[in-house]
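Colleague: Can you take me through this one? I have a few quick questions.

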Amino acid sequence: MKYSIIQTTVLLILRLVLGYHFLYEGIDKLLNETWTSAPFLLQANWIYTDFFHSLANDQTYLRIADLLNIWGQILIGISLIIGLFSKVAAYFGAFLLFMYYVTVPPFLNNQMLIDKNVIEFLCFLIVALFPTSSIFGIDLFLKKRNE
């Protein structure tokens with residue numbers, strides 16, 4: 001797919017910003033020894049509420065969920081920044097944000113239907129559907145090597 005220079009620039013900046021945000025969030029959680037997803041999971045109040053509460057109340061499952069969340073964010077962030085498998089990373093990022101949304105949807109707390117998770121979810125879909133890593137990123141080198 002051919003993009004104009006301004007389209008490529010904006011898509012690349014969007015990819016890098018999302019990558020930076022996820023990398024930052026993952027490292028912040030990793031360095032905070034007291035961080036856990038339990039308080040968030042215990043707020044679950046929509047679909048799969050029993051599942052999210054059971055995760056929060058079982059230390060083994062909670063530790064697994066915490067590690068998946070932390071390392072998922074870090075790996076997604078790195079992948080988007082360096083442009084390696086960024087399309088797959090963008091879909092995983094969208095999936096994580098979708099899970100955050102369904103765990104505690106804002107509209108059940110008398111807030112707006114659209115929150116920051118929905119906006120970032122849509123940004124991840126844009127990065128996945130209009131990839132730039134084959135234009136600027138390690139995927140470009142992998143693509144050239146395979147040709």
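**Helix packing and a few loop residues**

Modeller: One point to begin with: helices α3 and α4 are roughly perpendicular to each other, because their angle of about 100 degrees falls in the range of 65 to 115. Bear in mind throughout that this is a predicted model.

Colleague: How far apart are the axes of α3 and α4?

Modeller: The axes of α3 and α4 are 5 Å apart.

Colleague: And which residues of α3 and α4 meet?

Modeller: From α3 there are L55, A56 and N57, and they meet Q59, Y61 and L62 of α4. By class, that contact has four nonpolar and two polar residues, with no charged ones.

Colleague: Let me step back. How many helices and strands does the protein chain have?

Modeller: The protein chain has seven helices and zero strands. Read from the N terminus, the order of elements is α-α-α-α-α-α-α.

Colleague: What box do the C-alpha atoms fill?

Modeller: Taken along the principal axes, the box is roughly 50 × 30 × 25 Å. The protein chain has 147 residues, and 39% of them are buried.

Colleague: What about the exposed area?

Modeller: About 9,300 Å² of the protein chain is exposed, with 70% of that supplied by carbon and sulfur atoms.

Colleague: And what share of the contacts with a separation of 6 or more is between residues 24 or more positions apart?

Modeller: For the protein chain, that share is 73%.

Colleague: Back to packing. How do α5 and α6 sit, roughly parallel or roughly antiparallel?

Modeller: Their axes cross at roughly 160 degrees and come within 8 Å. An angle over 145 degrees counts as roughly antiparallel, so that is how α5 and α6 run relative to each other. The crossing of α5 past α6 is left-handed.

Colleague: Which residues make that contact between α5 and α6?

Modeller: On the α5 side they are K87, A89, A90, Y91, G93, A94, L97, F98, Y100 and Y101. Those meet N117, V118, E120, F121, F124, L125, V127, A128 and L129 in α6. The residues of this contact divide into 15 nonpolar, two polar and two charged.

Colleague: What is the angle between α1 and α6?

Modeller: About 130 degrees, with the axes of α1 and α6 10 Å apart. That angle makes α1 oblique to α6. As for handedness, α1 passes α6 in a left-handed crossing.

Colleague: Which residues are in the contact of α1 with α6?

Modeller: α1 contributes L11, L14, R15, L18, H21 and F22, and α6 contributes E120, C123, F124, I126 and V127. Eight residues of that contact are nonpolar, one is polar and two are charged. E120, F124 and V127 of α6 are listed in this contact, and they are listed in the contact with α5 as well.

Colleague: R15 catches my eye. What else does R15 touch?

Modeller: One contact to mention is S86, which touches R15, S79, L80, S133 and D139 once residues up to four places away in sequence are left out. S86 is in helix α5.

Colleague: Is S86 buried or exposed?

Modeller: S86 is buried, because its relative accessible area is 2% and the cut-off is under 20%.

Colleague: And F85, buried or exposed?

Modeller: F85 counts as exposed, because its relative accessible area is 53% and exposed means over 50%. F85 lies in the loop between α4 and α5.

Colleague: What is the phi of F85?

Modeller: Phi of F85 is near 55 degrees, a positive value in a residue other than glycine. Most residues other than glycine have a negative phi.

Colleague: Where does Y48 lie, and what is its phi?

Modeller: Y48 lies in the loop between α2 and α3. Its phi is near 60 degrees, again a positive value in a residue other than glycine. Y48 counts as exposed, at 54% relative accessibility.

Colleague: Last one, S37. Where does S37 lie, and is S37 buried or exposed?

Modeller: S37 is in the loop between α1 and α2. S37 counts as buried because its relative accessibility is 9%.

Colleague: What is S37 in contact with?

Modeller: Leaving aside neighbours within four places in sequence, S37 is in contact with L62 and D66. L62 also appears in the contact of α3 with α4, on the α4 side.

Key: Residues numbered from 1 in each chain as written. Predicted model: local features only at pLDDT ≥ 70, side-chain atom pairs only at ≥ 80, totals over all residues. Heavy atoms only, no water. Helix = DSSP H or I, 4+ residues; strand = E, 2+ residues; numbered from the N terminus. Buried < 20%, exposed > 50% of the residue type's maximum accessible area, 1.4 Å probe, protein only. Contact = heavy atoms within 4.5 Å. Axes fitted to C-alpha atoms, helices over the stretch in contact; angles between N-to-C directions. Parallel < 35°, antiparallel > 145°, perpendicular 65-115°, else oblique. Left-handed = near helix turned anticlockwise from the far one by under 90°. Nonpolar A, V, L, I, M, F, W, Y, C, P; charged D, E, K, R; others polar. Areas by Shrake-Rupley, 256 points an atom, 1.4 Å probe, with all protein chains shown as cover.
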